[in-house]
Amino acid sequence: MTPAPSIVVIGGGPRGTGVIERIAANAVELYGDRPLDLHVVDPHPAGGGRIWRPDQSPLLWMNSMAEDVTMFTDETVELAGPVVAGPALDAWAEDARAGRITPDADPAVLAEIHGLAGADFPTRRLQSAYLRWTYERALAALPPGITVHEHRTTALAVTGPRGGRQRVRLQDRPEPLLADLVVLTVGHLDAEQDPEQQGLADFARRHALVHLPPDFTADSDLDALRPGEPVIVRGFGLAFVDLMVLLTEGRGGRHENGEYLPSGREPVLYVGSRRGVPYHAKIGYPWTGERPPLPQHLGPAWTEQLLSRTGPLDFRRDIWPAVAKELGHAHYHRLFTAHPERTALAHEVFAEKYAAADPGSPELAGLIAEAVPDPADRLDLDALDRPLDGVRHDSPEAFQEALRAHITADLARRHDPEHSEDLAVFLGLLSAYAQLIRLGDIGSWWHGFFSYLASGPPGPRLHQLLALSRAGVVRFLGADLTVETDEEQGLFRARSATVPGARTEARALVEARLPDPSLRHTASPLLRALRDGGAAITDDGLLAVDPADSRVLDDEGRPHPRRLALGPFTTARAGGAFTRPRTGGPAFRQNDAAARAALTFLRDLSCRGLVAS
């Protein structure tokens with residue numbers, strides 16, 4: 001008997017779940033009632049995968065409000081397949097409270113679900129339950145001919161000819177899975193230490209110090225950080241926020257009435273980074289009124305024009321000017337329509353002149369100065385990106401006060417609808433991201449800037465940071481942080497340009513950031529085998545994929561007919577596997593295109609009778 005065609009999805013987290021949801025949505029149209037074996041490979045429970053697994057600390061939150069998280073498509077998503085509506089996280093919780101669904105979760109998570117409001121920041125354990133429910137709903141929507149097989153293990157390699165079945169080698173299984181098509185959705189992965197990190201690790205071993213390299217904070221060995229001792233922390237983004245929480249509340253401390261009450265088990269965290277400031281707080285008010293028309297200067301035609309060029313693209317020269325103009329368009333459209341009292345020119349006149357002016361030109365700067373009298377109402381992306389550039393303080397104590405004032409001002413602004421142009425810029429960032437992922441590998445700066453401005457921590461976390469600073473548990477180091485090693489004294493030493501002459505010495509160093517997604521340094525045997533087997537890798541180490549359907553490209557630029565890949569390790573990495581409702585989530589578009597390509601390939605293979613045993 002000829003075996004049924006088979007597809008193997010490696011990675012059962014949100015991205016793999018999203019692809020399976022799109023397979024279910026498109027199967028009737030593209031595959032009919034033919035038999036198909038669908039294998040899902042992940043050592044962690046499918047739905048949440050590693051990052052959103054249920055067995056993690058209840059102190060760890062999402063950095064999005066419940067009403068801003070969905071796994072389902074809507075009419076704003078550009079896709080060829082059908083829209084299949086589903087609840088955002090807050091609506092899902094309401095369905096659970098009303099008894100319309102029964103989440104698979106432990107009593108503590110069920111209690112959280114029953115108290116969840118749309119503006120709450122859920123725990124990651126709660127999001128895990130939502131993702132598991134989404135996964136199970138997708139499986140239930142598959143046609144009867146599709147049989148699902150789950151493998152709670154790790155995929156080690158994918159081999160096989162371009163024209164034949166692929167062999168997926170699994171850990172602890174002697175025989176490989178045979179697959180007519182493989183989809184890699186492995187998400188964020190561990191990395192081997194680069195030369196700098198290896199040197200720091202070797203230094204730490206020689207002197208019996210603690211060095212925690214880039215990692216998922218929830219998986220780091222934080223027990224090595226001893227109470228009361230100084231710890232240099234390099235990185236001020238979301239990984240730092242997790243570290244801060246686990247080393248304070250996670251060790252018995254409490255926040256009460258804006259003050260932090262220590263347990264005495266906390267280390268002292270000395271934190272700095274390239275910018276020297278935390279990510280901007282999540283905006284804490286909803287959108288009202290007219291939305292800026294997006295995209296305006298950064299649409300599909302602009303993207304196609306760039307893609308038609310020969311030679312490599314330079315981000316600062318070829319891309320950033322249009323991005324800056326698009327974000328400015330969103331900012332000023334909102335300022336003129338929602339806060340006209342702060343403008344000095346008719347909106348129609350400004351909009352016409354703004355559209356005609358070249359990005360970054362003196363004409364554009366002059367127009368903005370004429371139309372927006374208060375410099376505080378103008379969009380200054382350079383100042384937003386590097387707020388401490390050129391800023392110097394005479395003492396560490398002066399800088400503590402100054403950065404607390406900076407964080408306090410950011411919190412006030414991000415929760416004040418009188419500055420709703422900030423929310424318009426956020427929408428502009430989402431729109432720009434959807435276009436820029438079509439360009440492939442454009443370097444890491446843009447992704448960092450996007451996260452810093454659009455994907456920062458919940459406001460309550462920054463209030464906690466302020467309390468920890470006042471309690472002396474967190475100390476701010478500044479921008480352009482450098483870390484040195486002192487062989488004679490056996491210590492790490494940190495310096496920052498923000499406080500000239502100051503230095504901090506410690507016996508512990510934590511790199512508070514995720515591992516680099518580069519395949520050049522990946523610790524994943526699966527991706528190493530793919531890299532060494534001829535898959536194309538960009539200068540930044542990303543896996544090259546066809547932007548149309550996410551097929552893996554080889555060194556000659558040929559798409560592999562039987563291998564697809566989606567996620568942060570690819571050139572088509574999107575902002576996230578889930579997104580805000582009604583924002584056109586580009587990951588959903590990618591999932592749909594990949595699912596349709598897979599189903600079409602498998603249908604044609606089945607019709608031709610080419611499935612081989």
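Which residues is Ser 420 in contact with, leaving aside its neighbours within four places in sequence? In this predicted model, the partners of Ser 420 beyond that stretch are Tyr 285, Trp 287, Arg 334, Ala 338 and His 339. Ser 420 sits in the loop that joins helix H12 (396–414) to helix H13 (421–436). Its relative accessibility is 2%, so Ser 420 counts as buried. For a sense of distance, Asp 374 is 46 residues away from Ser 420 in sequence, and the two C-alpha atoms are 16 Å apart in space.

## An enclosed helix and the cores

Let us move on to helix H14, which covers residues 445–454. Of its 10 residues, 7 are buried, so H14 is largely enclosed by the rest of the structure. The buried residues of H14 are Trp 446, His 447, Phe 449, Phe 450, Tyr 452, Leu 453 and Ala 454. Their cover includes helix H8 (315–338), helix H11 (381–385), H12 and H13.

Trp 446 comes up again in the largest nonpolar core, which has 46 residues. Together with Ile 319, Tyr 332, Leu 429 and Leu 436, Trp 446 is listed among the residues with the most contacts inside that core. Several helices contribute to this core: helix H7 (300–307), H8, helix H9 (347–356), helix H10 (362–371), H13 and H14 each supply at least two residues. Ile 319 gives a good view of the surroundings. Setting aside neighbours within four places in sequence, Ile 319 is in contact with Trp 302, Leu 306, Leu 313, Asp 314, Leu 436, Leu 439 and Ile 442. Apart from the 46-residue core lies another core, of 41 residues, which includes Leu 466, Leu 468, Val 473 and Ala 479.

## Two pairs of helices

Two packed helices are described by the angle between their axes and the distance between the axes. How do H12 and helix H15 (residues 459–470) pack, and at what angle? Their axes are 10 Å apart, and the angle is about 160 degrees. An angle over 145 degrees counts as roughly antiparallel, so H12 is roughly antiparallel to H15. The crossing of H12 past H15 is left-handed. On the H12 side, the contact is made by Arg 404, Ile 407, Thr 408, Asp 410 and Leu 411. H15 brings Gly 459, Leu 462, His 463, Leu 465, Leu 466, Ser 469 and Arg 470 to the contact. Sorted by class, this contact has 5 nonpolar, 4 polar and 3 charged residues. Leu 466 of H15 takes part in this contact, and Leu 466 also belongs to the core of 41 residues.

The other pair is helix H1 (residues 14–30) with helix H4 (residues 124–140), whose axes come within 8 Å and cross at roughly 25 degrees. Angles under 35 degrees count as roughly parallel, so H1 is roughly parallel to H4. H1 passes H4 in a crossing that is left-handed. Here Pro 14, Thr 17, Ile 20, Glu 21 and Ala 24 of H1 meet Leu 131, Thr 134, Tyr 135, Ala 138 and Leu 139 of H4. By class, the contact of H1 with H4 has 7 nonpolar, 2 polar and 1 charged residues.

## Residues in loops

Some loop residues deserve a visit too. The table gives their places and relative accessible areas.

| Residue | Loop between | Relative accessible area |
|---|---|---|
| Thr 153 | strand S3 (146–151) and strand S4 (155–159) | 14%, buried |
| Ala 208 | helix H5 (195–206) and strand S8 (210–212) | 63%, exposed |
| Ala 502 | strand S15 (491–495) and strand S16 (504–506) | 23%, partly exposed |
| Ser 550 | helix H16 (525–532) and strand S18 (551–553) | 4%, buried |

Ala 208 has a positive phi, near 60 degrees, in a residue other than glycine. Phi of Ser 550, also a residue other than glycine, is positive as well, near 70 degrees.

Beyond four places in sequence, Thr 153 is in contact with Val 41, Asp 42, Pro 43, Leu 170 and Gln 171. Ala 502, not counting residues up to four places away in sequence, touches Pro 396, Ala 494 and Arg 495. Ala 502 and Ser 395 are 107 residues apart in sequence, with 7.5 Å between their C-alpha atoms.

A last stop is Pro 295, found in the loop between strand S12 (268–272) and H7. The peptide bond that leads from Leu 294 to Pro 295 is cis, with omega near -5 degrees.

Methods: Residues are numbered from 1 along each chain as its sequence is written. This is a predicted model: local features need pLDDT of at least 70, side-chain atom pairs count only at pLDDT 80 or more; totals for chains, interfaces and linings use all residues. Side-chain values use heavy atoms; hydrogens and water are left out. Buried means under 20% relative accessible area, exposed over 50%, partly exposed in between (1.4 Å probe, protein chains only). Contact means heavy atoms within 4.5 Å. Axes are lines fitted to C-alpha atoms, for helices over the stretch in contact, and angles run from 0 to 180 degrees between N-to-C directions. Angles under 35 degrees count as roughly parallel, over 145 as roughly antiparallel, 65 to 115 as roughly perpendicular and the rest as oblique. A crossing is left-handed if the near helix is turned anticlockwise from the far one by less than a right angle, and right-handed if clockwise. Ala, Val, Leu, Ile, Met, Phe, Trp, Tyr, Cys and Pro count as nonpolar, Asp, Glu, Lys and Arg as charged, and the others, Gly among them, as polar. A nonpolar core is a set of buried Ala, Val, Leu, Ile, Met, Phe, Trp, Tyr and Cys residues joined through side-chain atoms within 4.5 Å.
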